[in-house]
Amino acid sequence: MAGAELRILPAVAALALAAVAVTAFADGDSPPNENGYEAWLRYRPVEIADPGLAAALRSIHIAGRGPRIAAVRDELSAGLAALLGVPPAIGPDVSESAAGVFVGTRTELGRSLPDSVASELDDLGAEGYVIAATANDRNAVTIFLTARSDVGLVYGTFRLLRELQLRTGIANLPVVESPGLPLRMINHWDNLDRSVERVYGGFSIFDWPNLPERQPRYRDYSRLMASIGINGIVVNNVNTYKGGRLHGWRVVSDEYLDKAAVLAQEFDRYGIEIYFSINFMSPILFGDLDTADPRDPEVLAWWTHRARRIKEKIPNFGGFLVKADSEGELGPHAYDRTHADGANMLARALSTVDGVVIWRAFVYRHPGEDDVSADRAVQAYQQFAPQNGDFADNVILQIKHGPIDFQVNEPVSSLFSAMPDTNLMLELQITQEYTGKDIHLNFLAPFWHRVYAFDTHRDGAGSPLHDVLRPRGGSGTNWGVAGVGNFHDGLNWTGHLLAQSNTYAYGMLAWNPRRSPGVLADEWAALTFGGEPMVSATVSDMLLQSYGIYGKYYFPYGLSLMGWAGGAALDGNGDRSRPDPYRNIGRYHQTDAAGTGYDRTVATGSGYVGQYPLPLQSLYESPDSCPQEMLLWFHYLPYSHELRSGKTLIQSIYDDRYEGVERVKSLRDRWLSLEGMIDEERFYHVLGKLNLQVSESILWRDVMNGFYLDLSGIEDAEGRVKAGDRPYRGLRYGDGPRPH
Ligand code: GCW
């Protein structure tokens with residue numbers, strides 16, 4: 001196979017390589033049942049129309065050795081066998097045959113890689129990959145999958161298999177890809193007893209009591225995560241102590257490291273590094289020292305020893321995630337030291353093993369410590385902005401997308417504009433603590449896409465958030481995104497099957513924050529339900545509408561934290577998915593007889609608006625220019641305030657909640673229209689969730705509208721919300737009947 005004879009197939013010619021689906025069920029029958037465990041790696045049979053491509057896919061040549069090459073071999077062998085119906089021949093030989101798929105790094109493939117393909121790698125980083133096809137004079141097709149490192153081959157392998165599943169064949173060759181964000185992480189809020197905080201897909205995947213015993217789920221989880229480009233996983237909850245109720249801090253003890261080593265090995269096959277949430281007080285908790293003061297040399301020595309110990313047992317150890325001086329988890333403030341003092345001490349310890357410290361910026365004064373009327377939104381900036389530039393190179397500051405707490409329609413945090421000399425990490429919440437739990441369909445990609453694109457004005461106009469995570473002028477790779485995961489040990493991983501789409505989209509956006517949410521929804525629907533155009537189009541449309549619908553019956557115009565009902569989630573935390581608007585009056589919203597919202601303006605409010613660069617200040621300071629979906633997040637307004645639609649605020653609040661419920665019902669109708677086209681197991685599972693969503697949205701509508709009537713005394717102009725007819729007035733979780 002000499003490079004000179006080959007011509008690179010251009011995109012147009014490659015279109016002919018498209019595959020078509022094989023329908024496995026007879027007309028009139030529902031497709032065979034599925035439980036959702038395979039997620040987007042289902043690999044149902046496809047028919048390859050082009051004989052050249054079909055022949056190539058049957059002959060796989062993989063160069064190289066090691067755990068990731070073994071993973072590539074396993075994925076191609078199982079994936080192609082399932083897609084094509086015949087197991088491919090797989091061998092290491094890269095020199096003899098003319099047709100086939102040739103997989104290997106540039107170094108391994110050597111001279112068999114045509115120059116034109118090899119040169120595509122020049123500008124790609126370590127994780128990028130190239131897929132290109134060539135044909136010789138006899139039309140024998142050769143596909144090259146190459147990269148600079150074996151992890152790039154893992155990503156390229158999943159891409160090739162995905163293209164085949166999507167039946168685009170390999171239409172857009174050559175594919176030249178590298179990730180937009182260097183760190184693409186999942187944070188598990190999982191405790192060592194397998195309970196989880198704010199997660200609704202079951203208990204923890206990580207079965208600590210039975211580790212180091214291996215379970216197939218560990219590998220399946222690693223495959224799913226690598227297939228969407230995840231390269232770092234924090235295996236335990238950021239809350240490691242919680243007043244003594246949790247013992248997550250033990251995860252870095254020798255006993256747990258032996259268990260974690262098994263997870264780490266599974267991750268390593270797929271290029272994923274393992275990270276641990278640690279407790280800043282560990283030297284004391286472990287019983288070794290009587291201080292955790294970051295300026296004490298013994299404390300540094302203690303952490304350095306721990307870091308080395310971890311690295312010895314776990315070569316793909318990435319670093320620590322730290323929640324300190326936040327919600328009762330102690331930190332450097334206990335010793336009158338700053339966040340930077342604390343983070344930099346850990347960073348010194350970790351620099352001996354090439355690790356990073358991810359320090360969370362989620363701080364505010366603890367409830368009860370002070371005046372409840374203090375605005376929580378201003379507090380993280382007050383603590384961190386003055387420390388810009390104080391953090392070591394291997395420290396990353398992890399900032400939630402909004403200044404309060406993963407709220408719907410919350411603005412992007414002012415901190416992203418204010419830390420130009422600091423490595424940053426965006427924190428998103430994939431698990432739906434505030435966005436509907438495992439009940440409400442809520443595809444978050446359109447929202448995340450807006451967050452990534454948000455113009456922070458850090459370096460003047462045109463500074464989108466995904467660019468300012470990297471320090472100004474910096475060339476390192478210590479920055480990226482973390483998503484609080486929603487994958488757990490339930491059969492379909494996420495509780496609500498359709499919630500898998502959020503993890504898929506999260507990974508894809510971390511790889512390329514510019515990808516369109518519409519395309520991601522289409523892709524996920526096709527991968528999950530097969531390529532029937534009617535099914536994919538309907539599911540995709542449902543996903544894309546869902547965030548807007550949720551906003552219609554949930555908190556009006558960006559108000560925060562009105563759902564905080566008692567109730568207990570599995571881990572004993574309150575369940576924020578039920579409405580309880582009376583509870584946080586004064587603290588998170590200022591609703592009274594005259595109006596609603598929260599005044600965060602410079603002129604008359606908490607001054608939060610003043611933390612942004614000037615162009616954003618002028619956008620948010622006035623209700624006239626403030627984006628309407630976050631109007632009440634920034635402003636307290638009278639009920640008579642006229643919105644752009646010409647309606648009063650109070651009437652819009654009533655109308656939106658009614659519209660929201662109707663639109664949830666129409667989501668359910670859309671789903672019902674797919675009966676018989678989706679297997680019964682998954683069809684009825686999702687239908688059950690949508691039925692619940694209808695009743696929950698009615699609860700939200702009636703509690704919120706009852707609350708607003710109660711406080712404002714203004715009746716709904718349409719006559720639906722009127723005095724004396726307030727079924728849910730003052731309702732608290734557990735108090736009253738569940739509406740139907
Ligand atoms: O969103 C809040 C959650 C807490 C969580 C905390 C945090 C892990 O309600 O459950 O604790 O934020 O992000 O630290």
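**Figure 1. The second largest cavity of the predicted model.** In this predicted model, the second largest cavity has a volume of about 70 Å³. Its lining consists of His401, Phe406, Gln407, Val408, Gln429, Thr435, Leu444, Phe447, Trp448 and Tyr547. Sorted by class, these lining residues comprise 6 nonpolar and 4 polar residues, with no charged residues.

**Figure 2. The largest cavity and its lining.** The structure contains 7 cavities of 30 Å³ or more, and the largest cavity encloses about 130 Å³ of space. It is lined by 18 residues, of which Ala361, Ala380, Gly402, Pro403 and Ser413 are the closest to the centre of the cavity. Two elements, α12 (379-384) and β15 (395-400), each give two or more residues to this lining. By class, the lining of the largest cavity is made up of 12 nonpolar, 4 polar and 2 charged residues.

**Figure 3. The largest pocket, between two domains.** The largest pocket holds about 690 Å³ of space. Among its 32 lining residues, Glu127, Leu183, Asn231, Glu273 and Thr477 are the closest to the centre of the pocket. Domain 1 (7-177) and domain 2 (183-517) both contribute residues to the lining, and the largest pocket therefore lies between them. Helix α6 (150-165) and the strands β12 (273-278) and β13 (317-322) each supply at least two of the lining residues. The class composition of this lining is 11 nonpolar, 13 polar and 8 charged residues.

**Figure 4. The ligand and its surrounding shell.** Around the ligand there are 15 residues, and those that come nearest are Glu197, Lys323, Arg360, Lys400 and Glu433. The shell has 9 charged residues, together with 4 nonpolar and 2 polar ones. Three side chains in this view each place a polar atom beside an oxygen atom of the ligand: that of Lys400 at 2.6 Å, that of Arg360 at 2.7 Å and that of Arg198 at 2.8 Å. On its own, the ligand has 340 Å² of accessible area, and the protein covers 98% of this area.

**Figure 5. The cis peptide bond at Pro212.** Most peptide bonds are trans. The bond that joins Leu211 to Pro212 is cis, with omega near 10°. Pro212 belongs to the loop that runs between β10 (183-187) and α7 (216-227).

**Figure 6. The backbone at Lys242.** A negative phi is found in most residues other than glycine. Lys242, which is not a glycine, has a positive phi, near 45°. This residue is located in the loop between β11 (232-234) and α8 (254-269).

Note on methods: Residues are numbered from 1 along each chain as its sequence is written. This is a predicted model: local features need pLDDT of at least 70, side-chain atom pairs count only at pLDDT 80 or more; totals for chains, interfaces and linings use all residues. Side-chain values use heavy atoms; hydrogens and water are left out. On a 1 Å grid over the protein atoms alone, a cavity is a set of points where a 1.4 Å probe fits but cannot get out, and a pocket is an open set with protein on both sides within 12 Å along at least five of seven lines; lining residues have an atom within 4 Å of a point. Grid points are joined across faces, edges and corners, and a volume is the space filled by probe spheres set on the points. Helices (H or I, at least four residues) and strands (E, at least two) are DSSP runs, numbered from the N terminus. Ala, Val, Leu, Ile, Met, Phe, Trp, Tyr, Cys and Pro count as nonpolar, Asp, Glu, Lys and Arg as charged, and the others, Gly among them, as polar. Domain bounds come from an automatic or database domain assignment. A residue is near a molecule or strand if one of its heavy atoms lies within 4 Å of it. A polar contact is a pair of N or O atoms within 3.5 Å; within protein, one must be able to donate a hydrogen and the other to accept it, and residues adjacent in sequence count only if both atoms are side-chain atoms. Accessible areas come from the Shrake-Rupley method with a 1.4 Å probe; for residues, only the protein chains shown count as cover.
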